[in-house]
Amino acid sequence: MAKPVRVQEPVALHAADIGLTPRRLVGMTLSVGLGLIFVLGMIGGIMKAAQGNLIQLQPGTFYALLTLHGAGMISTVVLLTAVALWYVLHDHLSLRPDMLVFSVVAIVWGLVAATVAVLVGGFGPAWTFLYPLPFMGTWPSWSTGLFFFGVLFVGVGFAIFCFDLMAGIIRTYGSIWNGLAWDTWIPRLRRPDGKVAPPSVIAASMVAIDGLITVAAGSVLVVALLAHWFSPKFPIDPLWIKNLTFFFGHTIANLAIYVSAGVIYYILPKYTGRAFHTNKVYALSWAISLFFVPWAWPHHLYMDFVQAPWLQVGGEASTYIATIPATVVTIFGSLLLVYRSDMRWRPGSTLFLAGILGWLVGGVAAMLDATIPFNAVLHNTLWVPAHFHTYLLGGVFLFVLGFTSYFVGERQTPGRLVKAIEWTFFTGLVGFLLMFYAGGIEGVPRREAVQPPPGPILADIATGFVAILLVGLVAMLIEFWVRAKRNAANGEAEGL
Amino acid sequence: MVPIEGRQLAILLLWISLSAIVTVAFLWVVRSTRRPRDFDAVQSDGYRLRRGWGWVYGSLLIISFAVTIWTMPYAWAQQAAAKSPAITVEVVAHQFSFTMPSSLPARRLIKFVVTSADVNHGFGIYSPQGVLLAQVQAMPDYHNVLYFTFPGPGTYIIRCLEYCGEGHSAMQQPLKVYVSGSQATSVSKEA
Ligand code: HEM
Ligand SMILES: [Cu+2]
Ligand SMILES: [Cu+2]
């Protein structure tokens, strides 16, 4: 059953007026986003094949594709998780579909601009576009400016999403502090009716605040770079801009996981028949995330020895502290919710559980990398893409797929077929990731069109696994599609 | 294959064992759903376990943090440990090579002062067997100081470890390391 569209305050462009129910809107965004992930995953496979000398790519082409893959994947995953969180919360919080439309459109336009800059202009300073490389490459100046405008659009799209979340939370719970459930600690804040925010709203509140801070920093970054682009006399300090770049880049990628946590809090209870309840521990844990996640970026600058020592040591401490809420509360709590529950094992629940494991294993690898003496031999090796693919591809993306499976409806899933698809997909995924880790331990640098040994051999093996992974992914997406059509034809929608 | 030793070995063992532990715990939870039970019955045990896990995890973090403070690669941590006076070597990275001496002595403390003439680069030291031993960033307008002692003679490789443009993966060069004493005079001239 399609969700009814609530009557809301009059707005200029009402999504319902153009025939877009929240369900259709989310369904369309999921389709576009998942399609994009597949295409960008193919580009990933092409990069691996080139590193394994199975195909020939000019270095310039390789680095352009690397830039597109990185920027595209991060933006798309942020978009997909945001849409999933929006969907599970829009009833609770009366979020505005028109705002989501603006947000999606801005992100898609940003992606289009970045794609043109890369594919037509050959823009290729990698997705972190570290100053001054964007201005000293082989690509034309227009592509540099266009790419920065693209990034700005993606940032604006995410900011619109955060504003809408924040407004919705304040409308329903009175203040953002109550959205964070600080009223469980501070009786003075308590609402007269005693209503406290559920855990997914707490996650959304954290994301809204830190998301806006991140976008603000990202806007300063991009505006400074655009100013330098207009007038090269505009001075930029390489160390300052590096800090700003990683503050923005790290935090926005990291937030995708916190957005997903909000979705987990909502979806996992549907499969286990048990509920997450807000209490003081959840409130405290998310307050820790709120404060410490934005302080973790210095772990990207450990090898910049001129950086102030307090930032280096503080960055390690903040990174460590930021993992406590995730491991002790969200992941432990999710496993407790599953433990000896009457769990309905469907494609969606399998994907969510597998994603939690990816989050954990990638988290272990991230912690090792965030430990300074280890970082000295891991920084900028393949260990870095190894760990973040583990929790972005093997974590956040699985949550997106799990949400999609829930969204299209889990009724009458073809059990045997699904098992085969899952085995294919996960075999490819695990093999692909293991080759990244092996390369990292062997000291193979990341971001290289031509790698020292044993990079090429590992890349050959990884290419095979990528092929298996992509076959599994296509099969899974087709199965979702078929299920969506059938369930819709039967007038049934999301759920079990 | 590059030999796995030193820090890399420690990292690999830690990652494998920690990942194995979490995976086993995870699979155990997944299997437990074959014997469903009321949530109330498991919840209080769960909360007690969570408290224990919180303490264990917190202690691990504190220990790891304390240990790493003393092994940081920064000048302030390394200078204190250095006994012999260091030989100063300036390194300037460009798109796409390093300007630096082509040979240096083994077993002598070397103070690399690293900067860049254009974009960000990385300065990575690889052993003759290909093991990554140390690195520091090469940034325009700044000088990063890396203290390093080559453990023995041989042909080391200096490799760029920060993406710096089209020639990035070709940005590497050999560095001859000899037993100190034999060519000491030529080094002090170069350095
Ligand atoms: C579908 C399967 C995927 C494949 C085959 C793949 C493959 C790759 C490869 C080969 C690289 C280059 C690594 C290097 O040598 O430095 C890379 C980098 C990267 N990938 Fe993926 N990837 C996949 C999925 C994802 C996903 C889902 C995300 C994010 C949500 C992602 C984000 C990134 C980022 C941010 C980079 C770094 C780009 C840079 O260095 O500027 N990838 N990926
Ligand atoms: Cu370089
Ligand atoms: Cu380089």
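**Exercise 1. How do the residues of the shell around ligand 1 divide into nonpolar, polar and charged?**

Solution. The structure is a predicted model, and the shell should be read with that in mind. Begin with the residues around ligand 1, of which there are 25, with A:Gln51, A:His69, A:Trp127, A:His389 and A:Arg447 coming nearest. Sorting the shell by residue class then gives 15 nonpolar, seven polar and three charged residues. For the polar side-chain atoms, take the distances one by one: A:Gln51 places a side-chain N or O atom 2.9 Å from an oxygen atom of ligand 1, A:Arg447 has a polar side-chain atom 2.6 Å from an oxygen atom of the ligand, and a side-chain N or O atom of A:His389 is 2.8 Å from a nitrogen atom of ligand 1. Finally, assign the shell to elements of chain A: those that contribute two or more residues are helix 1, helix 2, helix 12, helix 13 (415-441) and helix 14.

**Exercise 2. Determine which protein atoms are donors to the iron atom of ligand 1, and describe the geometry of the site.**

Solution. The protein donors are the NE2 atoms of A:His69 and A:His389, which lie 2.0 Å from the iron atom. Next, consider the angles among the six donor atoms, which run from 87 to 180°, and the site is octahedral. The two histidines also connect separate stretches of the chain: A:His69 belongs to helix 2 (residues 59-93) and A:His389 to helix 12 (residues 383-408), so the pair ties together parts that are 320 residues apart in sequence. As a last step, check accessibility against the cut-off for buried, which is under 20% relative accessible area: A:His69, at 12%, is buried, and A:His389, at 14%, is buried as well.

**Exercise 3. Describe the coordination of the copper ion (ligand 2) and its relation to the copper ion (ligand 3).**

Solution. The donors to ligand 2 are B:His121 (ND1), B:Cys160 (SG), B:Cys164 (SG) and B:Met171 (SD), at 2.0 to 2.4 Å. Their spacing in sequence follows the pattern H-x38-C-x3-C-x6-M. The angles among the four donor atoms range from 97 to 130°, and the site is tetrahedral. The two copper ions, ligand 2 and ligand 3, are 2.6 Å apart, with B:Cys160 coordinating both. Distant parts of chain B are linked here, since B:His121 is in strand 5 (residues 121-126) and B:Cys164 is in the loop between strand 8 (154-159) and strand 9 (172-178), 43 residues apart. Both of these donors are buried, B:His121 at 0% relative accessibility and B:Cys164 at 0%.

**Exercise 4. Compare where the partners lie in the salt bridges A:Arg23 with A:Glu494 and A:Glu479 with A:Arg483.**

Solution. The count over all chains is eight salt bridges. In the bridge between A:Arg23 and A:Glu494, the closest N and O atoms are 3.2 Å apart. A:Arg23 lies in helix 1 (residues 22-51) and A:Glu494 in the segment after helix 14 (455-489) of chain A, so this pair ties together parts that are 471 residues apart in sequence. A:Arg23 is buried at 16% relative accessible area, and A:Glu494 is buried at 17%. In the bridge between A:Glu479 and A:Arg483, by comparison, the closest N and O atoms are 2.8 Å apart, and both residues sit in helix 14 of chain A, four residues apart, about one turn of the helix. Both A:Glu479 and A:Arg483 are buried, and together with A:Glu410 they are linked in a network of salt bridges.

Notes. Residues are numbered from 1 along each chain as its sequence is written. Chains are lettered from A and ligands numbered from 1 in the order in which they are written. This is a predicted model: local features need pLDDT of at least 70, side-chain atom pairs count only at pLDDT 80 or more; totals for chains, interfaces and linings use all residues. Side-chain values use heavy atoms; hydrogens and water are left out. Donors are N, O and S atoms within 2.8 Å of the metal (3.2 Å for Na, K and Ca); water is not among the atoms, so sites may look incomplete. Four donors count as tetrahedral if all angles lie between 85 and 135 degrees; four count as square planar and six as octahedral if opposite donors are over 155 degrees apart and all others between 65 and 115; anything else is irregular. Buried means under 20% relative accessible area, exposed over 50%, partly exposed in between (1.4 Å probe, protein chains only). A salt bridge is a side-chain nitrogen of Lys or Arg within 4 Å of a carboxyl oxygen of Asp or Glu. A residue is near a molecule or strand if one of its heavy atoms lies within 4 Å of it. A polar contact is a pair of N or O atoms within 3.5 Å; within protein, one must be able to donate a hydrogen and the other to accept it, and residues adjacent in sequence count only if both atoms are side-chain atoms. Ala, Val, Leu, Ile, Met, Phe, Trp, Tyr, Cys and Pro count as nonpolar, Asp, Glu, Lys and Arg as charged, and the others, Gly among them, as polar.
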